[in-house]
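Here are a few exercises to try with the model open in your viewer. Have a go at each task before you read its solution.

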Amino acid sequence: MHRDHSFPYGGPAVLGADARRPDGTRRALRIGLGGPVGSGKTATVAALCRALRDEVSLAVVTNDIYTREDAEFLLREAVLPAERITAVETGACPHTAIRDDISANLEAVEELEETVGPLDLVLVESGGDNLTATFSKGLVDAQIFVIDVAGGDDIPRKGGPGVTTADLLVVNKTDLAPYVGSDLGRMAVDAKAQRAHLPVVFQSLRERSGVAEVAGWVRERLAAWAA
Ligand SMILES: Nc1nc2c(ncn2[C@@H]2O[C@H](COP(=O)(O)OP(=O)(O)OP(=O)(O)O)[C@@H](O)[C@H]2O)c(=O)[nH]1
């Protein structure tokens with residue numbers, strides 16, 4: 001039977017019944033990062049690791065279709081010790097592994113918790129996909145959708161579950177807006193119209209802007225999780 005675990009209405013995920021380990025301790029908060037190919041998901045994961053690694057115990061699971069390139073990038077950049085980075089090779093549509101058959105990703109997350117735990121936070125990065133890709137609620141507690149201005153300033157207007165329901169929308173590569181003719185003001189208005197109260201951060205990893213806001217949002221989620 002097909003079961004769709006994607007967030008139907010968006011908004012904060014609730015503390016699931018499985019939020020505690022069998023010994024009663026709270027498991028790590030799991031945050032998924034999804035979005036179109038090349039929008040900056042891995043670069044955002046790297047930036048979050050750098051911002052948060054001295055405050056919280058964290059680990060990363062990456063998803064690629066046939067390679068381990070995203071994990072290899074994070075290893076090369078030394079954003080975390082190697083034992084805290086795991087790659088899942090999905091071998092199929094990226095959204096299948098984060099939404100329909102989440103077993104490989106769940107196993108990877110649980111193994112990280114066992115080998116390097118206790119962890120406060122696990123970031124699960126999806127392979128690049130389309131605007132409909134969302135994570136199963138059984139895999140992550142909250143999700144960030146990363147789009148970029150070079151993909152077209154009409155993407156927020158077009159909507160789709162990633163843009164409309166993700167707990168945080170990141171519009172990345174704002175430094176490229178003047179070169180590709182993207183209107184950031186229009187993107188902001190369209191995103192607001194699609195998302196109502198859900199937050200949007202404009203980010204440029206090249207210019208190091210917006211990263212503190214994304215990290216701040218993760219800190220808020222961690223605080224809510226711990227409470
Ligand atoms: N100009 C600019 N380039 C960026 C920014 N963020 C990421 N990039 C570049 O965009 C390219 C893709 O970034 P990645 O982080 O690999 O994107 P991704 O979404 O993980 O890609 P896939 O996993 O292949 O879907 C890389 O060359 C990055 O250096 C940014 O803010 N500005």
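**Exercise 1.** Work out whether Val37 and Ser39 are buried or exposed in this predicted model.

*Solution.* Start with Val37, which sits in the loop between strand S1 (29–34) and H1. Count its C-beta neighbours inside 10 Å: there are 11. The cut-off for exposed is 12 or fewer, so Val37 counts as exposed. Now take Ser39, which is also placed in the loop between S1 and H1. Ser39 has 24 other C-beta atoms within 10 Å, and 20 or more is what buried takes, so Ser39 is buried. Who touches Ser39? Skipping residues up to four places away in sequence, Ser39 meets Val146, Ile147, Asp148, Gly151 and Asn172.

**Exercise 2.** Describe the shell around the ligand and set it beside the UniProt record.

*Solution.* First, the shell has 17 residues, and Gly40, Lys41, Thr42, Ala43 and Gly128 come nearest. Next, sort the shell by class: 4 nonpolar, 8 polar and 5 charged. H1 supplies the largest share, 3 residues. Finally, check the record: an unreviewed UniProt entry lists a "binding site" that includes Val37, Ser39, Gly40, Lys41 and Thr42.

**Exercise 3.** Find the residues that touch the most other members of the largest nonpolar core.

*Solution.* This core has 55 residues, and the ones to pick out are Val60, Val122, Leu123 and Leu169. Helix H1 (residues 41–52) gives the most to this core, namely 6 residues. Then zoom in on Leu169: leaving aside neighbours within four places in sequence, its contacts are Phe145, Val163, Ala191, Arg195 and Val200.

Notes:
Residues numbered from 1 in each chain as written. Predicted model: local features only at pLDDT ≥ 70, side-chain atom pairs only at ≥ 80, totals over all residues. Core = buried A, V, L, I, M, F, W, Y, C linked by C-beta atoms within 7 Å. Helix = DSSP H or I, 4+ residues; strand = E, 2+ residues; numbered from the N terminus. Contact = placed C-beta atoms within 7 Å. Near = placed C-beta within 6 Å. Nonpolar A, V, L, I, M, F, W, Y, C, P; charged D, E, K, R; others polar. UniProt positions renumbered as here; feature names shortened; annotations may be inferred.
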